[in-house]
Amino acid sequence: MRAFFLGAWLPGPILDAFVPVGPPAGGANPARRTPASWFAALVECLLLLFTSQPAVSAPAPLVFGVFPNLTAKQIVESYRPLADVLEQHLQRHVILLSARDFTTFVERTRQGQYDILLTAPHLAWLARQDAGYRPLLKYAQPTRGLLVVKADSPLAEPGALRGRTIATADSLAVTVLAVEAELAGRGLKRNLDYRTVDSGTHLNAVMQVINGRADAAMLGLHPYALMPPDVRRQLRVLAETTPLSSLMYLTHPRLRDTEAQAVRKALLDFAATPEGREFMQHGGYGGVAHVDGSELRAFRPYALEAQEMLRAPR
């Protein structure tokens, strides 16, 4: 039984060195192997095996960086099925990776730590400028920035937030920048007419409102749609921005053109599966669509504003 098991993975000459092949000539009884001699023979065979066989190394795994606008649990639940599809198309292991906050995510992007990147459009502009990332696709359904208050709040219009506290997922979020621009158009400027507090995620931001620690919250439409119904029932939308391009998929320039196109095909194929259609419907993404550099240029003002914030002490 031992010879059969070893024979499944040891070459013949090495197996012969380990398994007795019969008595020596002349009929003399072979010397019994002690446990120590068996172990020594095994070590010798393993050394021979690994030094005599050509080295076969698996390709390095691909790192799929997902924008941290959701909780870690939501990211894994939402994007692991897509990562599995990418693995099948690319024949490489795919690791899901995000970051604890937007600033860390942007820095990792700048350093090129992600092979495949899903990020906000203004940060996609920075990713292309700083690290050469190439845009592939975006979610087809535009997003919006939302300003929400507690359902029973006496606040009836954005101007009533003067002197109040507004929670945000992160001040770098494009939906937050868009809501701030909306408020500025109504004569309310951040840090002058109201103060903001970063909460880490969109869900944390609305929980600040529900728990009475903030008067309102700025967040994105898509994360809002993914929140549990019992959370949304406790909120009321006070204002929303005009439509904004949604999250975008990009690839790092170290991926060859064929690999980038394989990623693109995997994303399109996933969107066409029942699981992919459910994912798109649940998140309000509306499928995936083509994106090019000209669309990114529209987000240059937001990108430069985010860049200035990143350079300032936080």
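Biologist: In this predicted model, are F279 and Y285 buried or exposed?
Modeller: The model is a prediction. The rings of F279 and Y285 have their centres 5.4 Å apart. As for their accessibility, both F279 and Y285 are buried.

Biologist: How are the ring planes of F279 and Y285 arranged: stacked, edge-to-face or tilted?
Modeller: Planes under 30 degrees apart count as stacked, and planes over 60 count as edge-to-face. The planes of F279 and Y285 stand at 40°, so this pair is tilted.

Biologist: Which residues do ring pairs link into a cluster with F279 and Y285?
Modeller: The protein has 12 aromatic pairs by the rule used here. Ring pairs join F279 and Y285 to a cluster whose other members are F64, Y79, Y139, Y249 and F270.

Biologist: Y79 belongs to helix 4; at what angle is the kink there?
Modeller: Helix 4 covers residues 72–90, and the kink comes shortly before the proline P81. Both Y79 and P81 are among the buried residues of helix 4. The kink at Y79 is about 40°.

Biologist: Which residues of helix 4 are buried?
Modeller: An α-helix has 3.6 residues a turn, so residues three or four places apart point the same way. In helix 4 the buried residues are Q74, I75, S78, Y79, P81, L82, A83, V85, L86 and L90.

Biologist: Which residues are linked with R80 in a network of salt bridges?
Modeller: The structure contains 16 salt bridges. In one network of such bridges, R80 is linked with D84 and E87.

Biologist: What is the phi of Q91, which follows helix 4?
Modeller: Most residues other than glycine have a negative phi. Q91 is not a glycine, yet its phi is positive. Q91 sits in the loop between helix 4 and strand 2, and it counts as exposed because its relative accessibility is 63%. The phi of Q91 is near 55°.

Biologist: Where does N191 lie?
Modeller: N191 is a residue other than glycine with a positive phi, near 70°. It counts as exposed because its relative accessibility is 56%. Its place is the loop between helix 7 and strand 7.

Biologist: What is the strand order in the open sheet of 5 strands?
Modeller: Strands of a sheet pair through backbone hydrogen bonds, either parallel or antiparallel. In this open sheet the pairing is mixed. The twist averages 30° from one strand to the next. The order is 7-6-8-5-9.

Biologist: Which strands stand at the edges of that sheet?
Modeller: An edge strand here has a single partner, so one side of it is left without a neighbour in the sheet. The edge strands are strand 7 (195–198) and strand 9 (235–240).

Biologist: Which residue stands opposite L146?
Modeller: Strand 5, residues 145–150, pairs with strand 8, residues 216–220. The two run in the antiparallel sense, over 4 bridges. Opposite L146, in strand 8, is L219.

Biologist: What angle does the direction of helix 7 make with that of strand 8?
Modeller: Helix 7, residues 174–185, packs on the sheet and touches strand 5, strand 6, strand 7 and strand 8. Helix 8, residues 202–210, lies across strand 5, strand 6, strand 8 and strand 9, at about 160° to strand 8. For helix 7 the angle with strand 8 is about 125°.

Biologist: How many residues apart are K138 and E295?
Modeller: K138 forms a salt bridge with E295, with the closest N and O atoms 2.6 Å apart. K138 and E295 are buried. K138 is in strand 4 and E295 is in helix 13, so the pair links distant parts of the chain, 157 residues apart.

Biologist: Is R164 buried, partly exposed or exposed?
Modeller: R164 and D215 meet in a salt bridge, at 3.5 Å from N to O. D215 has 26% relative accessibility and counts as partly exposed. Partly exposed residues lie between the 20% and 50% limits. R164, at 33%, is therefore also partly exposed.

Biologist: What share of the protein's residues is buried?
Modeller: The protein's secondary structure comes to 14 helices and 11 strands. The protein has 314 residues, and the buried share is 46%.

Note on methods. Residues are numbered from 1 along each chain as its sequence is written. This is a predicted model: local features need pLDDT of at least 70, side-chain atom pairs count only at pLDDT 80 or more; totals for chains, interfaces and linings use all residues. Side-chain values use heavy atoms; hydrogens and water are left out. Two strands pair if DSSP finds at least two bridges between them. Axes are lines fitted to C-alpha atoms, for helices over the stretch in contact, and angles run from 0 to 180 degrees between N-to-C directions. Contact means heavy atoms within 4.5 Å. A salt bridge is a side-chain nitrogen of Lys or Arg within 4 Å of a carboxyl oxygen of Asp or Glu. Buried means under 20% relative accessible area, exposed over 50%, partly exposed in between (1.4 Å probe, protein chains only). The bend at a residue is the angle between axes fitted to the seven residues ending there and the seven starting there. Rings of Phe, Tyr and Trp (its six-membered ring) pair if their centres lie within 6.5 Å; planes under 30 degrees apart count as stacked, over 60 as edge-to-face and the rest as tilted.
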